[in-house]
Amino acid sequence: RGYKMDGLPDPKYSRAVIIGTSRYQSLPSLYPAVHNNVVDLASALRDQSTWGLPSSHCQMIENPASPEEMLDLLVQAAAEATDTLLLYYAGHGLIAPQRGELHLCLAHWDPERIYTAVSYDHIRGTMLRSRARRKIVILDCCYSGRALGQMGGQVDTIADEASAEGTYIMAAAAENKPALALPDETYTAFTSELLDAL
């Protein structure tokens with residue numbers, strides 16, 4: 001099948017895409033914390049003692065200028081991965097005003113043009129279309145809990161469906177809460193804990 005059936009994810013058949021947006025035209029800067037998140041998480045995933053992903057299997061992009069630049073790496077990784085596909089995003093997240101969906105902000109985000117942010121639905125669809133048997137989404141942004149769906153009686157059902165599909169989601173914040181990026185800290189609060197765990 002091209003991957004191990006048991007045990008840890010095989011680096012040879014796995015892919016990771018690490019995305020961080022730290023500098024914005026119309027939102028507060030998250031530099032240097034998000035920059036440090038991206039660089040050190042990629043380094044940790046490439047380390048032989050952690051996962052040992054080859055550099056070509058662990059792509060990172062900082063401050064993507066357009067949705068295409070952000071999503072193209074994910075589409076490529078989703079097509080190549082057969083074992084595990086991991087996506088990490090750190091930056092500002094926002095809730096679209098009309099439908100309440102999670103959007104991930106790009107450097108040139110404009111509040112008058114929602115399409116200058118990437119809808120989480122685009123990411124979800126790309127992940128689900130991948131042949132990878134395990135799909136992991138890690139979102140270090142405000143309102144990232146929206147990736148699990150709207151709060152209420154259906155959250156457990158949505159989480160069960162995600163697990164059944166082999167998709168795992170880690171969110172830095174509840175669906176209606178900001179994530180923490182404290183001034184003068186090396187990393188954002190969530191990714192600091194993630195790196196400690198790794």
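**Exercise 1. Locate Asn-63 and state what is unusual about its backbone.**

Step 1. Asn-63 sits in the loop between strand S2 (58-62) and helix H2. The model is predicted.
Step 2. Read phi. For Asn-63 the value is positive, about 50°.
Step 3. Check the residue type. Asn-63 is not a glycine, yet its phi is positive.

**Exercise 2. Find which peptide bond is cis at Pro-32, and place this proline in the fold.**

Step 1. Take the bond between Tyr-31 and Pro-32. Its omega is about 10°.
Step 2. Assign the isomer. The bond that joins Tyr-31 and Pro-32 is cis.
Step 3. Place the residue. Pro-32 belongs to the loop between strand S1 (15-20) and H1.

**Exercise 3. Describe how helix H1 packs on helix H5.**

Step 1. Set the ranges. H1 covers residues 33-46 and H5 covers residues 189-197.
Step 2. Get the geometry. The axes lie 11 Å apart, at an angle of about 20°.
Step 3. Classify the angle. Angles under 35 degrees count as roughly parallel. H1 and H5 are therefore roughly parallel to each other.
Step 4. Add the hand. H1 and H5 cross in a left-handed sense.
Step 5. List the contact. H1 supplies Asn-37, Asp-40, Leu-41 and Ala-44, while H5 supplies Thr-191, Leu-194 and Leu-195.
Step 6. Sort by class. The contact of H1 with H5 holds 4 nonpolar, 2 polar and 1 charged residues.

**Exercise 4. Repeat the analysis for helix H2 and helix H3.**

Step 1. Set the ranges. H2 spans residues 67-80 and H3 spans residues 120-129.
Step 2. Get the geometry. The two axes come within 9 Å and cross at roughly 15°.
Step 3. Classify. With this angle, H2 is therefore roughly parallel to H3.
Step 4. Add the hand. The crossing of H2 and H3 is right-handed.
Step 5. List the contact. From H2 come Met-70, Leu-71, Leu-74, Val-75 and Ala-78; from H3 come His-122, Ile-123, Thr-126 and Met-127.
Step 6. Sort by class. The contact of H2 with H3 has 7 nonpolar and 2 polar residues, and no charged ones.

**Exercise 5. Characterise the second largest pocket.**

Step 1. Take the volume. The second largest pocket has about 280 Å³.
Step 2. Find the lining. There are 13 lining residues, and Pro-9, Leu-45, Trp-51, Leu-86 and Leu-198 lie nearest the centre of this pocket.
Step 3. Trace the elements. H1, strand S3 (84-90) and strand S7 (134-140) each give two or more residues to the lining.
Step 4. Sort by class. The lining of the second largest pocket has 11 nonpolar and 2 polar residues, with no charged residues.

Methods: Residues are numbered from 1 along each chain as its sequence is written. This is a predicted model: local features need pLDDT of at least 70, side-chain atom pairs count only at pLDDT 80 or more; totals for chains, interfaces and linings use all residues. Side-chain values use heavy atoms; hydrogens and water are left out. Axes are lines fitted to C-alpha atoms, for helices over the stretch in contact, and angles run from 0 to 180 degrees between N-to-C directions. Helices (H or I, at least four residues) and strands (E, at least two) are DSSP runs, numbered from the N terminus. Angles under 35 degrees count as roughly parallel, over 145 as roughly antiparallel, 65 to 115 as roughly perpendicular and the rest as oblique. A crossing is left-handed if the near helix is turned anticlockwise from the far one by less than a right angle, and right-handed if clockwise. Contact means heavy atoms within 4.5 Å. Ala, Val, Leu, Ile, Met, Phe, Trp, Tyr, Cys and Pro count as nonpolar, Asp, Glu, Lys and Arg as charged, and the others, Gly among them, as polar. On a 1 Å grid over the protein atoms alone, a cavity is a set of points where a 1.4 Å probe fits but cannot get out, and a pocket is an open set with protein on both sides within 12 Å along at least five of seven lines; lining residues have an atom within 4 Å of a point. Grid points are joined across faces, edges and corners, and a volume is the space filled by probe spheres set on the points.
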